[in-house]
Amino acid sequence: MHKLLYLLVTLIWLATAGSALAQRPATYSTSNKKAIKAYEASENYMMRRQWREVISLLEEAVKRDGEFVEARVRLATAYRTVGMQDAAIAQLEAAANPKKGAAAPEALFALGELYWQTGRYQQAQEKLQAYQATNPRQKPLLAATHQMLAGTEFALKQLQNPLPFDPKPMPQQVNKFPQQYFPVLTVDARTLIFTARESSSTQDMEDLYISRKGEGGEWSAPESLSDVINTAYNEGTATISADGRTLIFTSCQGRRSYGRCDLYISQKTGASWSEPRNIGSAINTRHWESQPSLSADGRTLYFVSDRPGGQGSRDIWVSSRNEQGEWSEARNLGAPINTPGEEISPQIHANGQTLYFSSNGHVGMGGYDLFLSEQQQDGSWQQPRNLGYPINTHEDQVSLFVTADGSQGFYSQEVMRGGQLQSSTLYQFGLPESARVRNRSSYVTGRIFDAQTKKPLGATVQLYNLASQKMEQEVSADPETGLYYMVLTEGAPYALYVNRQGYLFKSLSFDFGRGQNFNPVTLDVYLDPIRAGMITRLNNIFFETDKYAIQARSETELQRVADFLRQNPDLRIEISGHTDDVGNAAYNQQLSEKRAQAVYQWLADQGIPAGRLKAKGYGQTQPQLPNTSDENRQQNRRIEFRIL
């Protein structure tokens with residue numbers, strides 16, 4: 001895993017010939033000539049990064065004089081570089097607590113950092129404060145000290161208030177590889193895609209694998225995602241749209257590219273993936289692009305890049321796709337998400353409003369911590385919130401995926417040995433309330449058919465927020481199977497429209513306000529070809545009880561009718577008003593006529609010729625259901641239009 005910026009600063013400061021430490025002092029803390037000779041001989045080996053020789057010489061120097069502070073500090077640097085942290089700590093503890101003279105400032109800093117890195121927060125705080133007391137002048141190290149001290153204070157508080165956290169490894173048949181990581185799921189949480197290596201060597205190429213959850217809840221053994229996707233080269237860190245039909249992944253070799261690692265896109269039709277294509281220069285550069293996260297509808301892409309122009313060395317960037325399928329020039333997500341540190345492994349939740357990501361630049365427990373931020377109505381992001389302990393620890397936490405309902409998290413737990421990644425295993429856990437999304441998501445799924453032939457149809461499915469009158473998602477049903485998925489997010493009433501050229505559009509209504517039924521919905525949709533006598537119900541035109549003035553939230557639906565008539569200029573329609581049986585029949589007849597007339601007038605005001613429109617009220621004479629319950633009566637109160 002990547003090291004913290006301040007760790008890199010320390011290694012440079014302690015190990016390079018141009019640093020303050022590597023400059024030969026006028027006097028050493030020892031007078032032992034053989035110890036000094038071994039110490040000075042280690043410098044050439046350090047420049048060549050021949051660590052075995054460096055360690056051997058410095059161990060000899062320390063053996064000759066245990067009070068040789070400079071040798072102990074340099075030996076600690078060498079130990080750290082080869083992953084021997086405990087040995088490094090032992091050397092720094094001796095250098096920070098000499099029997100004679102004052103502690104070396106560099107030893108105090110490095111020891112404080114190592115304590116911080118290994119989760120010994122109280123000891124880290126003490127050593128870092130002692131380092132501050134020496135009045136150091138190195139600005140990068142002072143900045144790192146301030147950040148680590150803020151982290152130790154945060155971590156000590158977190159340890160006093162641990163969150164409920166009980167991660168469980170995914171089944172053995174899923175965790176079949178030495179390394180598997182970066183899990184992503186479709187919106188129904190029944191399809192899992194992840195990156196894996198078939199050995200513990202980082203030289204082994206990555207591939208993408210898929211596992212499916214059966215009706216009994218068992219996960220299948222993973223299979224290669226596709227021979228079109230996986231090659232003899234490297235494919236990894238993927239993202240999938242909610243319906244499982246748009247895949248974006250990272251590839252670093254063997255394909256046409258702009259730089260070191262690029263993002264590629266593939267579309268699924270039926271059971272087949274298309275040949276991946278480079279997503280283009282609006283997103284990919286000559287620099288490193290990876291770790292994509294696609295919004296549920298496949299129209300907004302978040303990813304990580306180390307290109308210039310960001311806040312730090314690796315930042316989160318974002319791009320949007322327009323109606324023509326073109327991606328906008330990627331822009332840096334900026335503060336408060338990105339920092340001078342590194343922000344990686346973003347996941348834009350299915351609700352499109354909550355961003356989970358990993359960072360070593362925000363205050364945390366050490367290493368990379370997991371954070372979340374909610375997007376505001378004006379498009380800005382809240383100050384990121386640390387997910388808390390023990391989700392976060394002093395070790396690196398990355399690649400979190402949270403399910404649509406916000407209840408479950410998936411991630412990979414890594415085992416490091418000697419500074420090298422040995423294995424990684426996929427885990428699942430229940431998210432504590434404090435780490436959950438503000439607005440949960442569910443979904444509606446089903447298939448779209450021709451109402452006459454009963455054959456599957458491809459179609460466009462659009463979701464509108466009736467409160468804001470804005471389209472929030474647009475997806476396409478599979479042209480071979482008719483299958484569609486549409487994410488519905490808590491907090492608003494929605495209108496869902498199914499459109500296909502040559503057919504009457506379908507209008508559906510969902511109230512997903514807080515506290516409403518939030519279960520997934522399965523709904524097949526049958527589209528009627530446009531011809532005389534065909535009727536479609538307008539489910540999102542609203543009136544107050546016993547009133548005929550159209551409510552503002554009806555405008556989305558009315559605009560769909562106006563657009564439909566403009567796209568089919570030869571059509572004439574009858575706008576039909578219907579009521580339930582509550583009240584006087586004559587009154588209901590009059591109310592239905594006035595409501596139909598109100599819709600007629602709205603369309604006429606939009607420029608639809610009056611000769612193409614007819615308004616008629618039917619009162620309570622044509623119920624769709626028996627008027628035997630409130631639910632049935634609600635269905636009978638409706639506006640329809642019929643092709644004349």
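**Entry: the disulfide**

I count as a disulfide a pair of cysteine sulfur atoms within 2.5 Å. The model I am reading is predicted. I searched it for such links and noted that the structure holds one disulfide. Cys-252 and Cys-261 form this link, and I read a distance of 1.9 Å between their sulfur atoms. That value falls within the cut-off of 2.5 Å, so the pair qualifies. I then looked up the twist about the S-S bond: the angle is 105 degrees, and the link of Cys-252 and Cys-261 is right-handed.

Are the two cysteines buried or exposed? Cys-252 has a relative accessible area of 28%, and I recorded it as partly exposed. Cys-261, at 8% relative accessibility, counts as buried. The cut-off for buried is under 20%, so Cys-261 meets it, whereas Cys-252 does not.

**Entry: charges over rings**

I next looked for charged side chains placed over aromatic rings. The charged end of Arg-255 sits over the ring of Tyr-264, and I noted 5.8 Å from the ring centre. I also recorded Arg-48, which lies over the face of Tyr-45 at 5.1 Å from the centre of that ring.

**Entry: cis peptide bonds**

I looked up the peptide bonds that precede two prolines. The bond from Ala-335 to Pro-336 is cis, with omega near 5 degrees. I placed Pro-336 in the loop that runs between β14 (331-332) and β15 (343-348). The bond from Tyr-389 to Pro-390 is also cis, and I read its omega as near 5 degrees. Pro-390 is in the loop between β18 (385-386) and β19 (401-402).

**Entry: positive phi**

I examined backbone phi in residues other than glycine. Ala-189 has a positive phi, near 60 degrees, and I located this residue in the loop between β2 (179-185) and β3 (191-197). Thr-237 is not a glycine either, yet its phi is positive at about 35 degrees. I found Thr-237 in strand β6 (residues 235-240). Its relative accessible area is 9%, so I entered Thr-237 as buried.

**Entry: a four-stranded sheet**

In what order do the four strands of the open sheet run? I read the order as β15-β16-β17-β18, with antiparallel pairing. β15 and β18 are the edge strands, each pairing on one side only. I followed the contact between β17 (residues 369-374) and β18: the two pair in the antiparallel sense over two bridges. Within this contact I noted that Phe-371 has Asn-386 of β18 as its bridge partner.

**Entry: nonpolar cores**

I recalled that nonpolar side chains tend to be buried together in soluble globular proteins. I then looked up the largest nonpolar core, which has 45 residues. Which of its residues touch the most other members? I listed Phe-68, Ala-71, Leu-92, Ala-107 and Phe-109. The helices that each supply at least two residues of this core are α2 (33-47), α3 (51-64), α4 (69-81), α5 (85-96), α6 (105-117), α7 (121-132) and α8 (139-160). The largest share, eight residues, comes from α6. I also recorded a second, separate core of 29 residues, and its members include Leu-466, Tyr-497, Phe-505 and Phe-542.

**Entry: aromatic pairs**

How many aromatic pairs are there? I counted 22. One that I examined joins Tyr-443 and Tyr-485, with ring centres 5.7 Å apart. Their planes meet at 45 degrees, so I entered the pair as tilted. This pair links distant parts of the chain: Tyr-443 belongs to strand β22 (residues 441-450) and Tyr-485 to strand β25 (residues 483-489), 42 residues apart. I checked the accessibility of both tyrosines. Tyr-443 counts as buried at 14%, and Tyr-485 is buried with a relative accessible area of 14%.

I noted as well a cluster in which ring pairs link Tyr-464, Tyr-497, Phe-505, Phe-564 and Phe-641. Among these, Tyr-497 and Phe-505 are also included in the second core.

**Entry: the annotated domain**

From the unreviewed UniProt entry I took the annotation "domain: OmpA-like", which covers residues 530-644. I looked up the composition of the chain over residues 530-644 and found 36% helix and 18% strand. The end C-alpha atoms of this stretch are 10 Å apart.

How values were computed: Residues are numbered from 1 along each chain as its sequence is written. This is a predicted model: local features need pLDDT of at least 70, side-chain atom pairs count only at pLDDT 80 or more; totals for chains, interfaces and linings use all residues. Side-chain values use heavy atoms; hydrogens and water are left out. Buried means under 20% relative accessible area, exposed over 50%, partly exposed in between (1.4 Å probe, protein chains only). UniProt positions are given in the numbering used here, feature names are shortened, and annotations may be inferred rather than shown by experiment. Two strands pair if DSSP finds at least two bridges between them. A nonpolar core is a set of buried Ala, Val, Leu, Ile, Met, Phe, Trp, Tyr and Cys residues joined through side-chain atoms within 4.5 Å. Rings of Phe, Tyr and Trp (its six-membered ring) pair if their centres lie within 6.5 Å; planes under 30 degrees apart count as stacked, over 60 as edge-to-face and the rest as tilted. A charge sits over a ring if NZ of Lys or CZ of Arg is within 6 Å of the ring centre and within 35 degrees of the ring normal.
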